[in-house]
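Got your viewer open? Load the model shown below and keep the selection box handy. We'll go stop by stop.

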Amino acid sequence: MIARKIGVPLIVIPISHENPIWMVVDKKFVIPLFERIPFGTGNFTRYNWRGWEFADKSKSHEELGDVFVVVTPGRNWLYLCNAEALLDVFQRRADFPRPLEIFSSFR
């Protein structure tokens, strides 16, 4: 797994939140069902829906540190909470490609 090579905390979720079918059913149907399971579902219900970042706020960074990766079948998502690291990422565009296909709908 490529994400393990960088040596930061990983959160592995089984379904990509970019999956169009998942986008329709995630928070409306599936996540509420899993939240009712008595033993809990951990990362699946916490990170596996569009917009989890807004509900989570800084809680994940407080628990995991300034940097962590959410690993999905579609891609690895790097989450940074460090101004110097963010500046470095933005200055090194070739080393950190952006998923332009996500932003193409904003044109």
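**Stop 1: the largest pocket**

Start with β3 (76-80), since the largest share of the lining of the largest pocket, five residues, comes from this strand. Strands here are DSSP E runs of at least two residues and helices are H or I runs of at least four, numbered from the N terminus. Before going on, note that this is a predicted model, in which local features need pLDDT of at least 70 and side-chain atom pairs count only at pLDDT 80 or more, while totals for chains, interfaces and linings use all residues. Residues are numbered from 1 along each chain as its sequence is written, and side-chain values use heavy atoms, with hydrogens and water left out.

Now select Asn 76, Trp 77, Leu 78, Pro 97 and Pro 99: of the 30 lining residues, these lie nearest the centre of the largest pocket. Add α3, β2, α5 (83-91) and α6 (100-103), which, like β3, each give two or more residues to the lining. The volume comes out at about 1,100 Å³, taken as the space filled by probe spheres set on the grid points, with points joined across faces, edges and corners. A pocket here is an open set of points on a 1 Å grid over the protein atoms alone, where a 1.4 Å probe fits and protein lies on both sides within 12 Å along at least five of seven lines; lining residues have an atom within 4 Å of a point.

Colour the lining by type and you get 20 nonpolar, three polar and seven charged residues. In that split, Ala, Val, Leu, Ile, Met, Phe, Trp, Tyr, Cys and Pro are nonpolar, Asp, Glu, Lys and Arg are charged, and the others, Gly among them, are polar.

**Stop 2: zoom out**

Switch to cartoon. How many helices and strands are there in the protein? Six helices and three strands, running β-α-α-α-α-β-β-α-α along the sequence. Of the 107 residues, 26% count as buried, that is, under 20% relative accessible area (over 50% is exposed, in between is partly exposed; 1.4 Å probe, protein chains only). Among contacts (heavy atoms within 4.5 Å) between residues at least 6 apart in sequence, 49% join residues at least 24 apart.

**Stop 3: the largest nonpolar core**

Select Ile 11, Ile 13, Trp 22, Ile 31, Phe 44, Tyr 47, Trp 49, Trp 52, Phe 68, Val 70, Trp 77 and Tyr 79, the twelve residues of the largest nonpolar core. Elements giving two or more residues to this core are α1, α2 (43-47), β2 (67-71) and β3. Such a core is a set of buried Ala, Val, Leu, Ile, Met, Phe, Trp, Tyr and Cys residues joined through side-chain atoms within 4.5 Å.

Centre on Ile 31. Leaving out residues up to four places away in sequence, Ile 31 touches Trp 22, Asp 26, Phe 44, Thr 45, Asn 48 and Trp 49.

**Stop 4: around the core**

Next pick Ser 16, in the loop between β1 (10-12) and α1 (20-35). Ser 16 is buried because its relative accessibility is 9%. Beyond four places away in sequence, its partners are Trp 22, Thr 72, Pro 73 and Gly 74.

Then go to Asn 43 in helix α2, partly exposed at 34%. Asn 43 touches Ile 11, Ile 13 and Asn 48, again not counting residues up to four places away. Asn 43 and Ile 11 are 32 residues apart in sequence, yet 7.1 Å apart C-alpha to C-alpha.

**Stop 5: the end of α3**

Is Asp 56, in helix α3, buried or exposed? Buried, because its relative accessible area is 10%. Its side chain joins that of Arg 46 in a polar contact of 3.0 Å. That term covers N or O pairs within 3.5 Å; within protein, one must be able to donate a hydrogen and the other to accept it, and residues adjacent in sequence count only if both atoms are side-chain atoms.

Step to Lys 57, in the loop between α3 (52-56) and α4 (59-64), which is exposed at 68%. The Lys 57 side chain reaches the backbone oxygen of Phe 54 at 3.4 Å. Check the phi of Lys 57 as well: near 55°, a positive value in a non-glycine residue. Most residues other than glycine have a negative phi.
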